[in-house]
Amino acid sequence: MITDETKPSDFKKSEQADYTHIKGWGIDADPENDPVYPMKKRTNEEHEGYAWQRPEQQPEDVEILKSVERPNLTAAFGTASPPEGLNGEIRKFAFKYSESSYGRWLPLVLADRVGALEGIIDDLKKGHLPNIFAERGWGAEWKYNRKNFLLKIAATAAVTAIAISVISSKKKKK
């Protein structure tokens, strides 16, 4: 642990410490005993154990979104929820971008939220009233994290109130 009382000489002592009591310590210190020094000469016999037939590709019977970095299908992929609805369109848009960009991940987060709303609407269309309180885990949050749960509710109420007042004030001005 580094504290205000730590002196530079303390670091030198630790560098000079003897770690030979630790089994395997310094095993790679001797270049003559290192299997990759110098570069190992490879032979084809080593690769015989890697010979295997690729299993049959999973059938592509629904639309599969593919990364721009990896345009081929991976060996296994999910088909349970193909892109559909507004959240599917947002996902298709997101997959036009690199996996390392915000243009990819922010729309995917938005698509998840839209998908949750679409699921609630779909439940209501089918005549099923969803138990949003239980499905969102609010019961457990109320039981184990009540203070933060109340803060989230208050923040959501405040943001909603501000949004409604801004929207209603714009309508009054027109």
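**Around helix α3**

R104 touches S67, A94, F95, Y97, S98 and E99, leaving aside residues up to four places away in sequence; a contact here means heavy atoms within 4.5 Å. This is a predicted model, where local features need pLDDT of at least 70, side-chain atom pairs count only at pLDDT 80 or more, and totals for chains, interfaces and linings use all residues. Residues are numbered from 1 along each chain as its sequence is written, and side-chain values use heavy atoms, with hydrogens and water left out.

**Helix α3 as a whole**
- R104 sits in helix α3, residues 102-125 (helices are DSSP runs of H or I, at least four residues, numbered from the N terminus).
- The 24 residues of α3 should span 34 Å at 1.5 Å a residue, and its end C-alpha atoms are indeed 34 Å apart; the expected span is 1.5 Å times one less than the number of residues.
- After α3 comes G127, whose phi is positive, near 85°.

**Inside and outside**
- Is R104 buried or exposed? R104 counts as buried because its relative accessibility is 4%; buried means under 20% relative accessible area, exposed over 50%, and partly exposed in between (1.4 Å probe, protein chains only).
- P107, L108, A111 and V114 join R104 as the buried residues of α3.
- Their cover includes α2, residues 85-94.
- A116 also belongs to α3, but at 41% relative accessibility A116 counts as partly exposed.
- The C-alpha atoms of A116 and N87 are separated by 9.1 Å, although these residues are 29 residues apart along the chain.

Terms used
Helices (H or I, at least four residues) and strands (E, at least two) are DSSP runs, numbered from the N terminus.
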